[in-house]
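Here is a walk through a protein model with its ligand, starting from individual atomic contacts and moving outwards to the space around them.

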Amino acid sequence: MVRINENFLELQDSYLFSTIAKKVAEFQKNNPDKEVIKLGIGDVTRPIVPAVVSAMHEAVNEVGTNSNFRGYGPEQGYEFLRKKIVENDYEKRGVNIDIDEVFISDGAKCDCGNIVDIFGIENKVAITDPVYPVYLDTNVMSGRSGKYNKENGKYENIVYIPITESNNFKPELPEEKVDMIYLCFPNNPTGTTLSKNELEKWVKYAKENKSVILYDSAYEAFISEDDIPHSIYEIQGAKDVAIEFRSFSKTAGFTGLRCGYVVVPKALKGYSKDENEVSLNKLWNRRQCTKFNGASYIIQKGAEAVYSEEGQKQIKENIAYYMENARIIKKGLNDAGFVTYGGINSPYVWLKVPNGMTSWEFFDKLLNEANVVGTPGVGFGNCGEGYFRLTAFGTKENTIKAIERIAKMK
Ligand code: PLP
């Protein structure tokens, strides 16, 4: 009899996006004449920029020739892309990263999920609440979460760190000792960021407690304010304590092409049971070589073109387009009397649901009265209750229309 991984039975079904889809479908069936505007999803809509498209065309032609055919590539990614990442994403910000500290992948979701392979089951995990749900669920699957408590909606072995209005969306250091700390800034879903000083606090904590910080900066390209760090390695000493996840998905519209990377510094150590130091870079390399055969050559050529002069110019135009939407959403909502967060260094605007409504009640109101779809905050964690996420990834025309309709709601 084949036995299953019992940890999967501890997962709580997420009905968030399926419930949204069901509610929207029902509304559209009952109101066929109403135009519904969707500002709920976290997927991009602008096409891949010409510099990337032409690099991929070239790569396609190359692999169709005898002389330039490519088979399996390096599991860690091609050197041409790793080098561009080191030079552009790090050296330009005064951070030294070695090429063999960068591992190319088919996206940050896989990296964030797979990284748990190299950590012991007994580690205490801390996650901010609300946050991108992958960190929690992958720790549940690997058996690190303990049992789910239906009464308080929490897992027994997870330390939840609230990020809400009451702490100005700045996570406070946990009172108990934790080993693996997930930080995602600019944050999905709140769109809020951490300053260098605030990040320093976490690096210091991790050093003192021999913990690791798993830093997801998938949205760093949307940072507009000068004093907000794009990488955790801008903090002195962070290479001793942090792994960083990055993605081309939101930066360059690769959600469908799939490319991301993770930085695992060689200085970063974990500990064996007998308290010997072990290089996490070596463990991750071993894990990738065993379970991953590298990202596609064609896609990596496309990602390389993101760093070309035209590529940079073109992706920045797309980012500016989305950030103009974010500005329209934030300003429109503020003018209409809503309290909003995020939207300045992030494509997400996090609004406080008015009049003590729940985030699902507000979802229904918005759908019925303004015919606009957003995402209820509670779908990202208990502390997201009472908040609502709108995204800047729609078209400008629809964004303007949606905000005008919301402003007219009673
Ligand atoms: N990290 C965060 C915080 C995200 O919001 C997302 C996608 O929405 C990802 C990672 C996944 O990125 P990728 O498309 O590279 O898998």
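In this predicted model, an N or O atom in the side chain of Lys250 lies 2.9 Å from an oxygen atom of the ligand. The side chain of Asp216 places an N or O atom 2.6 Å from a nitrogen atom of the ligand, while at Lys109 it is a backbone N or O atom that lies 2.8 Å from a ligand oxygen atom. Taken on its own, the ligand has 400 Å² of accessible area, and the protein covers 91% of that area.

The shell behind this cover consists of 14 residues, of which Asp216, Tyr219, Ser247, Ser249 and Arg258 are the closest to the ligand. Sorted by class, the shell has six nonpolar, four polar and four charged residues.

The next step outwards is the pocket itself. The ligand sits in the largest pocket, and the elements that contribute two or more residues to the shell around the ligand are helix 4 (108–114) and helix 7 (248–252).

This largest pocket holds about 1300 Å³ of space, and among its 45 lining residues those closest to the centre are Tyr132, Pro133, Val134, Gly379 and Phe380. At least two lining residues come from each of helix 1 (16–30), helix 4, strand 3 (125–129), helix 5 (134–141) and helix 7, with helix 5 giving the largest share, four residues. By class, the lining of the largest pocket divides into 21 nonpolar, 15 polar and nine charged residues.

Note on methods: Residues are numbered from 1 along each chain as its sequence is written. This is a predicted model: local features need pLDDT of at least 70, side-chain atom pairs count only at pLDDT 80 or more; totals for chains, interfaces and linings use all residues. Side-chain values use heavy atoms; hydrogens and water are left out. A residue is near a molecule or strand if one of its heavy atoms lies within 4 Å of it. A polar contact is a pair of N or O atoms within 3.5 Å; within protein, one must be able to donate a hydrogen and the other to accept it, and residues adjacent in sequence count only if both atoms are side-chain atoms. Accessible areas come from the Shrake-Rupley method with a 1.4 Å probe; for residues, only the protein chains shown count as cover. On a 1 Å grid over the protein atoms alone, a cavity is a set of points where a 1.4 Å probe fits but cannot get out, and a pocket is an open set with protein on both sides within 12 Å along at least five of seven lines; lining residues have an atom within 4 Å of a point. A molecule sits in a cavity or pocket if more than half of its atoms lie within 2 Å of its grid points. Ala, Val, Leu, Ile, Met, Phe, Trp, Tyr, Cys and Pro count as nonpolar, Asp, Glu, Lys and Arg as charged, and the others, Gly among them, as polar. Grid points are joined across faces, edges and corners, and a volume is the space filled by probe spheres set on the points.
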